[in-house]
Amino acid sequence: MQELTEMPAETEVQPKQLNDGSAVLIQALKDQGVEVIFGYPGGAVLPIYDALYKNPISHILARHEQGAIHAAEGYARVSGKPGVVIATSGPGATNLVTGITDAMMDSLPLVVFTGQVGQEVIGTDAFQEADIIGITQPITKHNYQVNDIKELPRIIKEAFHIASTGRRGPVLVDIPKNIAVELFDEEEHVDEEVNLPGYQPTTRPNFLQIQKAVQAISSAKKPLILAGAGILHAGAMEELKELVERHRIPITNTLLGLGSIHGEHELFLGMAGMHGTYTANMAITECDLLVNIGARFDDRLTGNLNLFAPNAKVVHIDIDPAEIGKNVPTEIPIVADAKEALKELLKQEIASPVTADWIAHLKEAHKEYPLWYVEDKEHLLPQQAIQIIHRVTGGDAIVTTDVGQHQMWAAQYYSLNNPDHWVTSGGLGTMGFGFPAAIGAQLAKPKERVVAIVGDAGFQMTAQELSLLQELRIPVKVVILNNEGLGMVRQWQETFYEERYSQSLIPVQPDFVKLAEAYDLKGYRINTLEEAESVFQEALLSDEPVLIDCRVKQLENVYPMVVPGTGLHEMIGVSGK
């Protein structure tokens with residue numbers, strides 16, 4: 001009998017492993033090296049949060065979307081990496097608008113993911129629908145709405161590239177809910193390099209423009225360097241220091257550029273602008289060469305443009321060509337990354353200008369008109385509080401602020417030893433920024449000491465984020481300079497509105513120490529200079545999160561001050577004599 005040949009068993013066909021859009025998103029974030037996400041869930045992003053549950057990345061659940069995005073800004077500013085935010089559609093997305101604008105103006109890299117209603121109901125005023133693309137077009141570096149699941153991996157890669165290159169900024173990706181659950185065939189996906197022909201930031205300087213800058217520096221008698229945040233974003237601190245020291249050129253900072261040179265450097269003149277030092281502002285007025293590296297010429301820096309640097313030839317180095325010549329006429333424009341431009345300048349044979357007399361003149365000005373305040377035996381002054389904080393921390397802490405008087409006092413009196421240790425809301429001036437930004441900064445640098453110096457009014461806008469200090473046990477120190485009011489608003493009402501304090505005083509406040517205790521945190525209260533010395537020593541050097549209600553003189557003002565419409569040389573309050 002003929003033996004039957006054994007037939008091979010049929011190979012079982014395995015079904016394709018298909019991921020949905022949410023899983024693709026989480027994997028793409030991992031591929032970009034994302035370690036932490038700040039967010040708040042809602043209906044349109046439930047699939048994304050379900051994917052996070054299954055395949056986790058560290059997620060920080062803020063208590064309000066504004067807290068989430070400001071924390072992401074602090075994280076981005078200190079780490080140099082894009083901060084990542086997720087919020088749901090409608091009110092979740094619109095609650096991010098302030099933070100997106102803040103990041104845009106201060107050149108902070110964010111990638112913001114918003115949920116959106118399903119494509120089939122977009123445009124019908126569906127529940128929690130908002131046109132976040134239309135809303136955020138003017139306040140983002142770029143934004144996307146994902147219309148095809150196949151586009152998602154490319155869009156995410158492009159978003160991170162755009163946010164973190166050139167002049168950094170926020171990029172928003174809006175994901176309709178049906179895209180988040182639609183299946184994605186990995187086998188059909190071809191991973192491609194980012195290809196954006198219309199987006200090619202210039203990072204290397206033009207050689208001829210560098211030569212013009214060399215000649216200008218060599219022939220200057222009163223040169224001055226103005227260093228902005230572009231130095232910090234480019235990591236060009238060492239190159240800046242070398243240029244300053246090799247050619248003995250005095251240097252001043254913008255508000256956002258603080259920390260790019262050591263605060264005690266012999267050639268550092270302090271911050272320039274509306275509440276800058278007398279020496280820095282007079283140096284700008286008297287210099288014959290102003291080398292701006294990585295700074296916008298914004299109105300709070302320049303004062304009256306017709307009176308700004310009237311004797312100076314202007315060199316402007318900036319990675320964003322739109323900023324050059326926008327406000328101040330520029331003789332030598334250099335479009336480049338600050339680090340690349342400085343490296344090229346340092347390669348050149350520059351005949352160092354003779355600046356001994358110029359430096360001596362500026363030192364004499366500083367000696368004659370230093371920062372000042374008049375001590376008050378009955379009240380603790382905010383300037384004294386900042387000085388004690390600086391002494392206790394040694395100038396090494398990461399300091400975050402909101403906007404207003406406390407921000408200016410911190411800029412004036414907290415002399416920074418290190419770069420990337422100053423986190424503040426500059427261009428937009430956002431109340432409520434400082435505290436959540438400190439949370440993001442602490443997560444980015446867990447071994448650093450982080451101090452949030454905030455006002456009592458601004459703190460109440462994001463105080464609910466105290467939950468995170470307890471939940472995560474991160475040792476942020478919150479210092480409230482409590483003058484029971486909107487300090488800068490009140491100062492302007494005193495100066496320009498004949499002391500009509502319309503809605504700028506806040507006589508009824510929570511007990512901030514009890515508020516801290518309600519979140520199971522340690523709270524302190526300071527009323528006097530003597531208490532300040534002991535409390536700051538104990539609280540700031542502890543290894544746990546603390547809140548300090550520091551009661552300061554209510555009617556204290558920030559000086560010096562450049563009144564709007566006047567020139568930097570027309571400061572008021574330059575002397576306490």
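A polar contact here is a pair of N or O atoms within 3.5 Å, where one atom must be able to donate a hydrogen and the other to accept it. Keep that cut-off in mind for one of the stops below. Note too that this is a predicted model.

**Stop 1: the whole chain**

Start with everything selected. The protein chain holds 23 helices and 20 strands. Its radius of gyration is 26 Å, close to the 25 Å that the globule rule gives for 577 residues, so the chain is as compact as a globular protein of that length. Turn the C-alpha trace along its principal axes and you will find that it spans about 120 × 65 × 45 Å. Colour by burial, and 56% of the 577 residues come up as buried. Contacts are worth a look as well: among those between residues at least 6 apart in sequence, 75% join residues at least 24 apart.

**Stop 2: the largest pocket**

Next, select D106, L256, R296, D298 and G427. Of the 46 residues that line the largest pocket, these are the closest to its centre. The volume of this pocket is about 910 Å³. Now show α10 (229-234), α13 (299-302), β13 (313-318), α17 (405-413) and α21 (487-496), each of which supplies at least two lining residues. The largest share, four residues, comes from α10. If you colour the lining by residue type, expect 19 nonpolar, 17 polar and ten charged residues.

**Stop 3: the second largest pocket**

Move on to the second largest pocket, which holds about 630 Å³ of space. Centre the view on G263, F268, L269, G270 and H366, the closest to the pocket's centre of its 30 lining residues. Then add β11 (268-271), α15 (356-368), α16 (382-393) and α17, since you have met α17 already; each of these four elements gives at least two residues to the lining. By type, this lining divides into 14 nonpolar, 13 polar and three charged residues.

**Stop 4: helix α14**

Finally, select residues 338-347, which form helix α14. How many of its ten residues are buried? Seven are, so the helix is largely enclosed by the rest of the structure. To pick them out, highlight A338, E340, A341, L342, E344, L345 and L346. Show their surroundings and you will see them pack against α9 (207-219), α10, α11 (237-247), β12 (289-293) and β13. Two of these neighbours, α10 and β13, also appeared at the largest pocket.

Before leaving, zoom in on the N-terminal end of α14. D337 caps it, with a side-chain oxygen 3.0 Å from the backbone nitrogen of K339, and the cut-off for a polar contact is 3.5 Å.

Key. Residues numbered from 1 in each chain as written. Predicted model: local features only at pLDDT ≥ 70, side-chain atom pairs only at ≥ 80, totals over all residues. Heavy atoms only, no water. 1 Å grid on protein atoms, 1.4 Å probe; cavity = no way out; pocket = protein on both sides within 12 Å on 5 of 7 lines; lining within 4 Å. Points joined across faces, edges and corners; volume = space filled by probe spheres on them. Nonpolar A, V, L, I, M, F, W, Y, C, P; charged D, E, K, R; others polar. Buried < 20%, exposed > 50% of the residue type's maximum accessible area, 1.4 Å probe, protein only. Contact = heavy atoms within 4.5 Å. Rg over C-alpha atoms; globule rule 2.2 N^0.38 Å.
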